Amino acid sequence: MQAQALTMQLPATPASSYPIHIAAGLLAKPQHWLPPAWQDKTVVIITDDVVKQQYGDTLALTLNQLGYHVHLFDFVAGESAKTNQTKIALETQMLQHHCARDTVILALGGGVVGDLAGFIAATFMRGIPII
């Protein structure tokens, strides 16, 4: 598989630019899009219960097999899950699993998943990386 990588050049600073990887089967080959320096980090996959069943368990297993320390957290799918209670529940799970500033959040899904994961990444211990 040969992934295409586009780089988003944002006007603020080069540090705020990021790559976008496009290819079939990327979830099966996370080593193509996860930075190698993150292999020692804990990865928290945040997703909803529908996406978890379709892709989450497989992605978590693949990451574990590659040597990542992975936690998979989900919530009930739908706009009604976009609440403070869901955010607190996810952050509580992260704290219970000893997640820290060197943890990486991987948002698996769009919409509500991206909104919640992004908000948590921005606020958990003053901000942590997110994919």
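## Terms and model

Helices (H or I, at least four residues) and strands (E, at least two) are DSSP runs, numbered from the N terminus. This is a predicted model: local features need pLDDT of at least 70 and side-chain atom pairs pLDDT 80 or more, while totals for chains, interfaces and linings use all residues. Residues are numbered from 1 along each chain as its sequence is written, and side-chain values use heavy atoms, without hydrogens and water.

## Largest pocket

The largest pocket (an open set of 1 Å grid points over the protein atoms alone, with protein on both sides within 12 Å along at least five of seven lines) holds about 390 Å³ of space. That volume is the space filled by probe spheres set on the points.

Its lining counts 14 residues, each with an atom within 4 Å of a point. Pro-19, His-21, Trp-33, Ile-130 and Ile-131 lie nearest the centre. Strands S2 (18-22) and S5 (104-107) each supply at least two lining residues. S2 gives the largest share, 4 residues.

## Strand S5

S5 is covered on both faces. Val-104 and Leu-106 are buried (under 20% relative accessible area, 1.4 Å probe, protein chains only) on one side, Ile-105 and Ala-107 on the other. In a regular strand the side chains alternate between the two faces of the sheet.

S5 runs parallel to S3 (residues 42-48), joined by 4 bridges. Val-43 stands opposite Val-104.

## Helix H3

H3 (residues 112-123) buries Val-112, Val-113, Leu-116, Ala-117, Ile-120 and Ala-121. Seen down the helix axis, these buried residues fall within an arc of 155° (taken from the directions to the C-beta atoms), so they line one face of H3.

Conventions. 1 Å grid on protein atoms, 1.4 Å probe; cavity = no way out; pocket = protein on both sides within 12 Å on 5 of 7 lines; lining within 4 Å. Buried < 20%, exposed > 50% of the residue type's maximum accessible area, 1.4 Å probe, protein only. Pairing = 2+ DSSP bridges.
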